[in-house]
Amino acid sequence: MIAGLAAPASAQDNAALVQRFATENFNDIANAVNALASSGSERASPVIEALRDNRLVYRQGDRAVFIRQADGSFINAATGTAADAGTTRPVRLNNNVRRAVEAAMGALTLMHPDARRRAAAAEAVFKSRDAGALAALTQAIGQERDARVKRLMEEARAAIAVADASAPDVDRITAIGVIQRRGDQDALAMLGSLPANTAAPVREAAETAATAIRRSLAFWEAGQNVWYGLSLGSVLLLAAIGLAITFGVMGVINMAHGEMVMIGAYTTFVVQQAIRAIAPGLMDASLFVALPMAFLVAGAIGVAIERLIIRHLYGRALETLLATWGVSLILQQAVRSWFGPTNREVTTPSWMSGSFEIGNLAITANRLAIIVFAALVFAALLLFLKRTPFGLQTRAVTQNRRMAGAMGIRTNWVDALTFGLGSGIAGLAGVALSQIDNVSPNLGQGYIIDSFMVVVFGGVGNLWGTLVGAMTLGIANKFLEPYAGAVLGKILLLVFIILFIQKRPRGLFALKGRAVE
């Protein structure tokens, strides 16, 4: 058993320790692992690593042990010098030996200069619960200065104490409290693996701790669902906010709105391809170039659609719906012809990669960036509509088109520019979606129905209603998915919205104004 970190072994001791691996008996091999790891020998780590990687062999005649290198050559396991191994046999592994190796490697790296290696070693000891690592672990805890690593080491020591049937009950109960504070699935699994003959006080303490951990995990799971719901709601907000503006101002059911999202995503792809060819060192800044480009491209296409098609169909809702559906098919086919039907790869900048944890809540950088971006877009649009002349005109047309026209507002140009604004915002949504979804000709189709649901639920033309509707549906969808599945969950939300608009036809936040239609 690993007894701690002993004084460095001599060359003769090394040879004797390593020679113990020259056997077919698995118990003897596991004992050899423990003896070598506790010896303090500088050869312990390379020999045990070689055993773990199936590179440790021995010569049956004189029981000399060798390590096979990556190039096929051999070195003497006891001295580390090059050697001619001749005919050899592998030192074999079974589950018992693997557990011994895992525990030994954990103990050997508990004093490593790299904090990440020490943390990984503590986790290995926690999972193996090998009492042989206790002395090394106690010594490492006394020298540890990193608070996080020290906590992991203390949890590993507690795991050993809980698993030790010979330890006093009071020590095991105290250790259970440490495991409870860890509060993750590994801690729950460990508390549930105590043998049936465990003393009643210890078993009761373990059951109480497990119940508390389950409650904590349920709380964090709910928090994780809320986080996922907020990220989904942010995507829905970006996809729906432009639709809310055009639907509210013009009363147009734009079935091509999803294709504006798709155009924004493909604009991101084109911008990245250009930057990769011209200035690859600027790839991390590609999204800052793609955002205005996507807004302009999607906005210009939106204005063109309004001027060429939609303005001739005002007041004919069914024909407008069919016309914009036809435009969506044309745009999809155009993208397939230019870019192909397969998914296109969009690179995620390094500053949007990775994740971090708050408690048991996993926060991914790309989704956090999308939530922040959606909030900025919403705030900017709110200021634009509240503080600019065009925003004032847009709100006037939304509330009473005839009165706005009588006041000298050119409603036809407000329609065109509003349609372009809504399409441009959809293009921004495409930039965001390119970081979390496949960029394909069908990208927008997955969000058009959800966008309409958000607009109808929140209130046509009301930005605050769109925000509340997007977040409500996003969070509700994530809470329903684990129980009903993704498809049935959306069906249930659709049924809820149908029932809801029977009671409130104008949505959560109906626009107020004279002669609102």
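1. Let me start with Arg89, which is partly exposed, its relative accessible area being 35%. Bear in mind while reading on that this is a predicted model. The side chain of Arg89 meets that of Glu24 in a salt bridge, at 3.9 Å from N to O. The cut-off for a salt bridge is within 4 Å, so this pair makes the list at 3.9 Å. Glu24 counts as partly exposed too, at 31% relative accessibility. Arg89 belongs to strand E5 (residues 89-90) and Glu24 to the loop between helix H1 (11-19) and helix H2 (26-37), so the bridge ties together parts 65 residues apart in sequence.

2. Next, a pair with both partners buried. Arg118 and Glu144 form a salt bridge, and their closest N and O atoms are 2.7 Å apart. This one links distant parts of the chain, 26 residues apart: Arg118 sits in helix H5 (residues 115-128), while Glu144 is in the loop between helix H6 (134-143) and helix H7 (147-163). Arg118 has a relative accessible area of 12%, which makes it buried. Glu144 is buried as well, with 5%.

3. Helix H5 turns up again in the next bridge. Glu123 pairs with Arg182, with 2.9 Å between the closest N and O atoms. Because Glu123 lies in helix H5 and Arg182 in helix H8 (residues 169-182), the pair ties together parts that are 59 residues apart in sequence. Here the partners fall into two classes: Glu123 is partly exposed, with a relative accessible area of 22%, whereas Arg182 is buried, with 12%. The pair also belongs to one network, in which salt bridges that share partners join Glu123, Arg151, Glu155, Arg182, Asp184 and Asp186. The total count for the model comes to 15 salt bridges.

4. On to the nonpolar interior. The largest nonpolar core has 66 residues, and Leu238, Leu381 and Leu463 are the ones with the most contacts inside it. Helix H10 (residues 200-250) gives the most to this core, with twelve residues. A second, separate core has 36 residues, including Leu137, Ala156, Ala206 and Ala210.

5. Leu463 deserves its own paragraph. Not counting residues up to four places away in sequence, Leu463 touches Ile241, Ile245, Phe378, Leu381, Leu382 and Leu385. Leu463 is one of the buried residues of H19, along with Gly465, Thr466, Gly469, Ala470, Met471, Leu473, Gly474 and Asn477.

6. How far does helix H19 reach from its first C-alpha to its last? The answer is 30 Å for the 22 residues of H19 (residues 463-484), close to the 32 Å expected at 1.5 Å a residue. After H19 comes Gly485, which has a positive phi near 90°.

7. Helix H12 (residues 286-308) passes the length check too. Its 23 residues should span 33 Å at 1.5 Å a residue, and the end C-alpha atoms are 32 Å apart, which agrees. The buried residues of H12 include Leu287, Ala290, Leu291, Ala294, Ala298 and Ile305. Also buried in H12 are Ser286, Gly299, Gly302, Glu306 and Arg307, so expect some charged side chains in that list, since buried is simply under 20% relative accessible area.

8. Is Asp450 buried or exposed? Buried, because its relative accessible area is 12%, and buried means under 20%. Asp450 is placed in helix H18 (residues 445-458). Leaving aside neighbours within four places in sequence, the contacts of Asp450 are with Leu236 and Lys490.

9. Now the surface. Val487, Leu488, Ile491, Leu492, Val495 and Leu499 make a nonpolar patch of about 550 Å². Leu488 is part of helix H20 (residues 486-503). At 41% relative accessibility, Leu488 counts as partly exposed, which fits the patch requirement of over 30%.

10. A last spot to look at is Asn412, in helix H17 (residues 411-433). Asn412 counts as partly exposed, at 37% relative accessibility. From Asn412 to Phe339 the separation is 73 residues in sequence and 34 Å in space, taken C-alpha to C-alpha.

Methods: Residues numbered from 1 in each chain as written. Predicted model: local features only at pLDDT ≥ 70, side-chain atom pairs only at ≥ 80, totals over all residues. Heavy atoms only, no water. Patch = residues over 30% accessible without salt bridge, like charges linked within 9 Å, V, L, I, M, F, W, Y side chains within 5 Å. Areas by Shrake-Rupley, 256 points an atom, 1.4 Å probe, with all protein chains shown as cover. Helix = DSSP H or I, 4+ residues; strand = E, 2+ residues; numbered from the N terminus. Buried < 20%, exposed > 50% of the residue type's maximum accessible area, 1.4 Å probe, protein only. Expected span 1.5 Å × (residues − 1). Contact = heavy atoms within 4.5 Å. Core = buried A, V, L, I, M, F, W, Y, C linked by side-chain atoms within 4.5 Å.
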